[in-house]
Every structure is written in structure tokens, then in C-alpha cells.
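Here are my notes on the model, set out as numbered points. Please read them with the coordinates open.

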Amino acid sequence: MTQVIKAIFYRYSCRDFSPNPLQKEQVEMLAKTALAAPSAMNLQPWHVIVVTDKAMIEELDADAMSIVKEQGGEFYKRMSERGGRIFYNAPCLVLIAKDSTDNASLDTGIATQNVALAAHDLGLASVICGMARLPLNGPRASEWAQRLQIPEGYTFGMSICVGTPNSGKLPHELDLSKVTYIE
């Protein structure tokens with residue numbers, strides 16, 4: 001089994017990060033792996049924003065949780081039971097903003113998967129987290145866009161939390177009933 005295949009099969013969604021910061025080389029590699037993703041017609045409809053400012057991540061997290069609390073319901077209950085944190089104390093948040101081209105959502109998803117696999121290969125853990133969209137689309141959206149230096153004409157595409165795991169877990173079980181072979 002190759003290293004890539006191992007990363008695909010053994011990475012998991014981590015929801016328990018150590019607060020220890022990543023090394024500069026790790027952060028730079030994560031950004032580069034996002035940029036190395038394929039995109040439709042090589043348009044590269046993304047802008048990668050890597051946040052390692054712990055205070056900013058915590059403020060973004062608190063803003064997201066306040067929006068979730070306001071909405072209430074099962075998701076708020078679930079997040080509260082998990083410690084009331086959207087980003088699970090991750091020391092690094094990779095935001096991938098997208099432009100308005102047709103395939104931008106798909107392409108930012110591919111870039112995000114590259115980061116997840118690279119994090120695993122670097123001995124780190126990750127969780128792909130769409131919840132950063134809450135504050136970026138919420139009451140403070142323009143403030144966040146400015147503070148995060150999201151370029152004009154770009155919106156939230158996807159985010160991924162990365163860090164050293166406090167604990168591990170098994171990856172999800174494969175459901176082979178979701179495959180059809182046509183021969």
C-alpha cells in the first residue's frame with residue numbers, strides 16, 4: 001500500500017487538538033498542497049488563507065458558536081456537548097476562499113482534501129469544517145472578510161482545522177453497498 005493510499009484509508013476527522021502551534025514548515029507545506037490541487041481548466045478559483053493567530057481563531061470560533069446558539073436546535077446541542085467549539089481548539093485554520101466561477105465549489109473541495117491528506121502525511125490531524133461559513137456570512141461578515149484579507153469578489157469556499165491530535169480514533173467504516181460496478 002502506498003503512502004497516499006494509507007493516508008486516504010487512515011486519516012480521520014479529529015475533534016480534539018492540542019493547542020501546540022505547528023511548525024512554520026508544516027504551515028507552508030499545507031498552503032502549498034492546497035495550491036497544488038487540480039482545478040477545472042486550471043482556473044485555480046481559490047485564495048488560501050492560513051490562520052495561526054490563536055486569538056483570531058478563538059474569536060472566529062466564538063462568533064460561530066454564538067450564531068449556532070442563536071439558531072438553537074440539535075446542532076447547537078451537539079456542538080455544546082463537544083465542548084462548545086467549532087474549531088476544536090485547532091492551532092491552524094486553513095480557509096479556502098473561492099471566486100464565482102462555475103466549478104469553484106468543487107475545486108475548493110479538492111484543495112481542501114489535498115490539505116487533509118497532507119496533514120495526515122505530516123503526522124498531523126485535521127477535520128474539514130464548513131462551519132467557518134457562519135461568521136463569514138453572519139452579522140460581522142464584512143469585518144471578518146477584511147481581517148482575514150479575503151480578496152474582493154471571493155467568498156467562503158471551505159475550511160479545515162489542522163493540528164496535533166490529543167487523541168486518535170479509527171477512520172469511518174467503508175460502506176461497500178455504496179459502490180456499483182458496471183462491467
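1. In this predicted model, the side chains of glutamate 143 and arginine 140 meet in a salt bridge, with an N to O distance of 2.8 Å. Glutamate 143 is partly exposed, at a relative accessible area of 30%, and arginine 140 also falls in the partly exposed class, at 25%.

2. Glutamate 143 has a further salt bridge, to arginine 147, in which the closest N and O atoms are 3.3 Å apart. Both glutamate 143 and arginine 147 belong to helix α7 (residues 141-147), where they are 4 residues apart, about one turn of the helix. Arginine 147 counts as partly exposed, its relative accessibility being 30%. Which residues make up the network of salt bridges? The network links Glu59, Asp63, Arg140, Glu143 and Arg147.

3. The structure holds 7 salt bridges, and one that deserves a separate look is formed by arginine 85 with aspartate 61, whose closest N and O atoms are 3.7 Å apart. Because arginine 85 lies in the loop between α4 (73-81) and β2 (92-98) while aspartate 61 lies in helix α3 (residues 54-71), the pair ties together parts that are 24 residues apart in sequence. As for accessibility, aspartate 61 is buried, with a relative accessible area of 2%, whereas arginine 85 counts as partly exposed at 30%. When checking this pair, please keep in mind that the cut-off applied to a salt bridge is 4 Å between the side-chain nitrogen and the carboxyl oxygen.

4. Arginine 11, placed in the loop between α1 and α2 (24-35), calls for a careful reading of its surroundings. What is the nearest side chain of opposite charge to arginine 11, and how far away is it? That side chain is aspartate 121, at 12 Å, and arginine 11 is buried yet has no salt bridge. The side chain of arginine 11 does, however, make a polar contact with the side chain of serine 126, at 3.2 Å.

5. Arginine 11 also appears in the lining of the largest pocket, together with residues including Phe9, Tyr10, Tyr12, Gln113, Lys169 and His172. About 310 Å³ of space lies in this pocket. Helix α1 (residues 3-10) supplies the largest share of the lining, 3 residues, and the lining as a whole divides into 7 nonpolar, 3 polar and 2 charged residues.

6. Two backbone angles should be inspected. Tyrosine 88 has a positive phi of about 55° although it is not a glycine, and glutamine 149, likewise a residue other than glycine, has a positive phi near 60°. Tyrosine 88 sits in the loop between α4 and β2, while glutamine 149 is placed in the loop between α7 and β4. Are these residues buried or exposed? Tyrosine 88 counts as buried, at 9% relative accessibility, whereas glutamine 149 is exposed, with a relative accessible area of 63%.

7. A last point concerns cysteine 161, which is found in strand β4 (residues 155-163) and is buried, with a relative accessible area of 0%. The C-alpha atoms of cysteine 161 and alanine 119 are separated by 9.8 Å, although these two residues are 42 residues apart along the chain.

Notes. Residues are numbered from 1 along each chain as its sequence is written. This is a predicted model: local features need pLDDT of at least 70, side-chain atom pairs count only at pLDDT 80 or more; totals for chains, interfaces and linings use all residues. Side-chain values use heavy atoms; hydrogens and water are left out. On a 1 Å grid over the protein atoms alone, a cavity is a set of points where a 1.4 Å probe fits but cannot get out, and a pocket is an open set with protein on both sides within 12 Å along at least five of seven lines; lining residues have an atom within 4 Å of a point. Grid points are joined across faces, edges and corners, and a volume is the space filled by probe spheres set on the points. Ala, Val, Leu, Ile, Met, Phe, Trp, Tyr, Cys and Pro count as nonpolar, Asp, Glu, Lys and Arg as charged, and the others, Gly among them, as polar. Buried means under 20% relative accessible area, exposed over 50%, partly exposed in between (1.4 Å probe, protein chains only). Lys and Arg count as positive and Asp and Glu as negative; His and the chain ends are not counted. A polar contact is a pair of N or O atoms within 3.5 Å; within protein, one must be able to donate a hydrogen and the other to accept it, and residues adjacent in sequence count only if both atoms are side-chain atoms.
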